[in-house]
Amino acid sequence: MLGIGEGEERVSARPPHPGRVFKDQSKLSFDYVPDRLVHREQHLDRLNSLFRPVFEGQMSQTAMLVGSVGTGKTATTKRFCIDAKKASEGTGKAIDFVLVNCRQKNSENAVLQRLITHFDEHYPDRGFSTAEMLRSIAKHIEKRKIHLIVVLDEADILIKRGASDLIYQLSRFDEEKISPRPSLSLILISQKYVLDMLDQAAMSTFRRANAIKFERYGAAELKDIVGSRAELALFPGAIEDGSLQLIADIASEFGDARFAIELLDRAGMLAEEEGMDKVLPEHVRAAKALTYSVVTESKIEELDRQRKIVLLAICRSMKEQAFVTTGDVERTYKVVAEEYGEKARAHTQFWEYVQDLSNNGMIGTKVTGDPSGGRTTYISLPDIPAKVLRDKLETMLKG
Ligand SMILES: Nc1ncnc2c1ncn2[C@@H]1O[C@H](COP(=O)(O)OP(=O)(O)OP(=O)(O)O)[C@@H](O)[C@H]1O
Ligand SMILES: [Mg+2]
């Protein structure tokens, strides 16, 4: 276990008391679909308007959702399908849906099997042709008088394995039917644009598919997202704004909400392990260090003595905060330099060291204007607890 924060004495004085951060940790699990997906309202609106003719019983629809990791494709689609199903209850135009994860069901047969078992759990797992299975699905839909939305999540995996034909069949499911009622719509989800990987026939039917792009989340959006999940999962006031900001800043490198929520989850657990009732930036840094760290031991060792001292000054000024100003760090730097028998360099040279560490990815810097018209540079430690880094640097500088 990493020792975290300045608060060890405080921690030992207080008996461990688990359960002071999370009121409902399951709200951070990947299966949980929040009622509201902040910053995905437009994507939901677009899905809803694309599917309006489906809801009205006029036609079926195809859609394709594309975007990089953790941009909310699966969550948005689940929310859409759950809401559509619910809204259609009792209207005589019932909607049902099946979400197939193509990483798990990565052959045509496995996908079809999954669709049939949605209706008939005991459908035998062998010996039926694609055509027979498709007919079977059509019969179930007909019998229940529903419209089925089939979601192929991570569809690129299926397509790479040569399942274009299934996508072709599903996208023109209604064309061979006599009944005028549209019965099946298809949503493909993928991290990459995959239509050009389909064969000619599938591409020609799917070309009309409506693509919805999921952009990477920016830091401000991620802050709202983790903030909204924190409200569901944590006790009121159990995380401070600086911690949310730090999570958002870290995760914004990838624009990935999953990573952000994972950081919140881990940071919360670390805070609870320490018997604390608040998630501090130090917990976030420790959570990040547990997942992936760019500040490796070897990277620190490569720094020369002056740069190590600057980095140590940053750690000492940082304590439990999320950010420190360069002004604070420079004052600490002078003290630390003296402590290790080095001459403190002048301001311009100090500033170059800071830039250097920032270019290296060891620290983050952010410039903001202040009301008096001046500019302040804030330094953050992206992924390692200040205390852990401080201990490492002190050992290295002494040795
Ligand atoms: N706007 C949002 N508000 C709240 N939670 C969100 C939002 N977007 C994503 N999430 C959460 O982030 C996690 C990742 O989202 P999701 O699984 O939808 O990503 P994805 O785009 O499908 O990623 P992948 O391509 O890796 O499958 C989920 O736990 C989801 O609930
Ligand atoms: Mg997904």
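**Exercise 1. Determine how β6 is joined to β8, and place both strands in their sheet.**

Two bridges join β6 to β8, and the two strands run antiparallel; strands here are DSSP runs (E, at least two residues), helices are runs of H or I with at least four residues, and both are numbered from the N terminus. Strands count as paired if DSSP finds at least two bridges between them. Within this contact, the bridge partner of V324 is I379 in β8. The model is a predicted one, in which local features need pLDDT of at least 70 and side-chain atom pairs count only at pLDDT 80 or more, while totals for chains, interfaces and linings use all residues. Residues are numbered from 1 along each chain as its sequence is written, chains are lettered from A and ligands numbered from 1 in the order in which they are written, and side-chain values use heavy atoms, with hydrogens and water left out.

Next, consider the other side of β8 (residues 375-380), where six bridges join this strand to β7 in the antiparallel sense, and where I379 is the bridge partner of T365. The result is an open sheet of three strands in the order β6-β8-β7, with β6 (324-325) and β7 (364-369) as edge strands that each pair on one side only.

**Exercise 2. Locate F323 and list the residues that it touches.**

F323 lies in the loop between α15 (305-318) and β6. Leaving out residues up to four places away in sequence, F323 touches Q245, D249, M318, K366, Y378, I379 and S380, where contact means heavy atoms within 4.5 Å. A further spatial relation links F323 to P281, which is 42 residues away in sequence and 8.9 Å away from C-alpha to C-alpha.

**Exercise 3. Work out the strand order of the five-stranded sheet and how α4 packs on it.**

The open sheet has the order β2-β3-β4-β1-β5 with parallel pairing, and its edge strands are β2 (94-101) and β5 (210-214), each of which pairs on one side only. Neighbouring strands are turned by 20 degrees against each other on average, direction ignored; axes are lines fitted to C-alpha atoms, for helices over the stretch in contact, and angles run from 0 to 180 degrees between N-to-C directions. Inside the sheet, β1 (residues 62-67) pairs with β4 in the parallel sense over five bridges, and A63 stands opposite I187 in β4. Finally, α4 packs on this sheet by touching β1, β2, β3 (146-153), β4 and β5, and its direction makes about 155 degrees with that of β2.

**Exercise 4. Describe the lining of the largest pocket.**

The lining comprises 32 residues, of which G70, G72, T74, A75 and R258 lie nearest the centre of the pocket. A pocket is defined on a 1 Å grid over the protein atoms alone, as an open set of points where a 1.4 Å probe fits, with protein on both sides within 12 Å along at least five of seven lines, and lining residues have an atom within 4 Å of a point. At least two lining residues come from each of α4 (73-88), β4 (184-190), α10 (219-233) and α12 (257-273), and α4 gives the most, with four. By class, the lining divides into 14 nonpolar, eight polar and 10 charged residues, where Ala, Val, Leu, Ile, Met, Phe, Trp, Tyr, Cys and Pro count as nonpolar, Asp, Glu, Lys and Arg as charged, and the others, Gly among them, as polar.
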